[in-house]
Amino acid sequence: MDLVFIYLDIPFWRAEVGRIALFMGNVSFKDLRITREEFLEIKENGKLNAKYSIPFHQLPCLVVNGKSIAQTAGIARFCGKLAKLYPVEDNVSSGLVDQYIDFATDITVLISQSSKIIDAGEKRLSREKLYKNELTKRILMLEKSINKENNWLVGFNITIADIAIWRLMGWLSSNNLDGIPDDILFKYPKIRKICLNVDNHPQIKAWVKKTYPKDYNRGNFIK
Ligand SMILES: N[C@@H](CCC(=O)N[C@@H](CS)C(=O)NCC(=O)O)C(=O)O
């Protein structure tokens with residue numbers, strides 16, 4: 001199978017969940033990281049270099065044997081199935097994995113509304129408000145959904161759900177979102193445990209070493 005994974009050269013969860021799944025499953029793929037100029041072309045024309053068509057003019061996009069597939073959650077499942085990091089044999093488990101991927105999408109959509117604000121002060125105020133209200137409420141719900149006896153979100157092994165939540169939480173606690181404090185996870189030991197388990201997974205460490213800038217801030221979930 002010929003696979004091309006298209007995204008920007010940043011470790012944002014939308015891409016990382018699929019890229020890492022393929023890497024962990026030893027599935028060969030072309031990790032195509034585009035420039036900001038190419039991203040503008042995609043947004044404008046839904047095409048990359050007149051070669052790849054990009055549905056909905058959005059990334060990530062996975063090109064499978066020449067056929068372009070869009071949407072983060074679908075791509076995550078596709079890669080998770082190939083890598084055996086998505087529980088296809090049990091519908092309840094796959095439903096639970098899906099709920100975490102969709103949770104990550106909901107939080108991203110919530111934050112991206114504030115990302116559109118141009119004025120830096122207004123943006124910070126909007127994120128502070130988000131942090132005090134909706135975001136904290138949602139993260140508390142995530143914490144409540146986790147069984148404290150478990151090492152992973154679903155079942156006894158790492159799945160694409162853990163990878164998605166690890167990178168989402170890494171982003172939220174990275175100090176890169178003005179108005180959202182980097183200690184956002186300190187009150188949530190179960191979320192932190194999942195993030196640490198992913199961060200310490202040997203294949204995750206190998207991927208980080210291979211692809212992340214040196215000393216990249218993967219998030220504040222250590223304490
Ligand atoms: N519903 C899409 C949204 C993806 C999305 O918003 N991607 C961003 C990059 S992280 C993008 O392509 N934005 C450009 C745009 O929406 O015009 C998904 O789940 O993949």
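Visitor: What makes the pair formed by the ligand and Gln-71 a polar contact?
Guide: A nitrogen atom of the ligand is 2.6 Å from an N or O atom in the side chain of Gln-71. A polar contact is a pair of N or O atoms within 3.5 Å; within protein, one must be able to donate a hydrogen and the other to accept it, and residues adjacent in sequence count only if both atoms are side-chain atoms. So the pair qualifies. This is a predicted model, where local features need pLDDT of at least 70, side-chain atom pairs count only at pLDDT 80 or more, and totals for chains, interfaces and linings use all residues. Residues are numbered from 1 along each chain as its sequence is written, and side-chain values use heavy atoms, without hydrogens and water.

Visitor: Which polar side-chain atom lies 2.7 Å from an oxygen atom of the ligand?
Guide: One of Thr-72.

Visitor: Why is Cys-61 called buried?
Guide: Its relative accessibility is 0%. Buried means under 20% relative accessible area, exposed over 50%, partly exposed in between (1.4 Å probe, protein chains only). Therefore Cys-61 counts as buried.

Visitor: What makes Cys-195 buried?
Guide: Its relative accessible area is 0%, so Cys-195 is buried too.

Visitor: How many disulfides are there?
Guide: The count is zero. A disulfide is a pair of cysteine sulfur atoms within 2.5 Å.

Visitor: Why does Cys-61 have no bond to Cys-79?
Guide: The closest cysteine sulfur to that of Cys-61 is in Cys-79, 11 Å away. That is too far for a bond.
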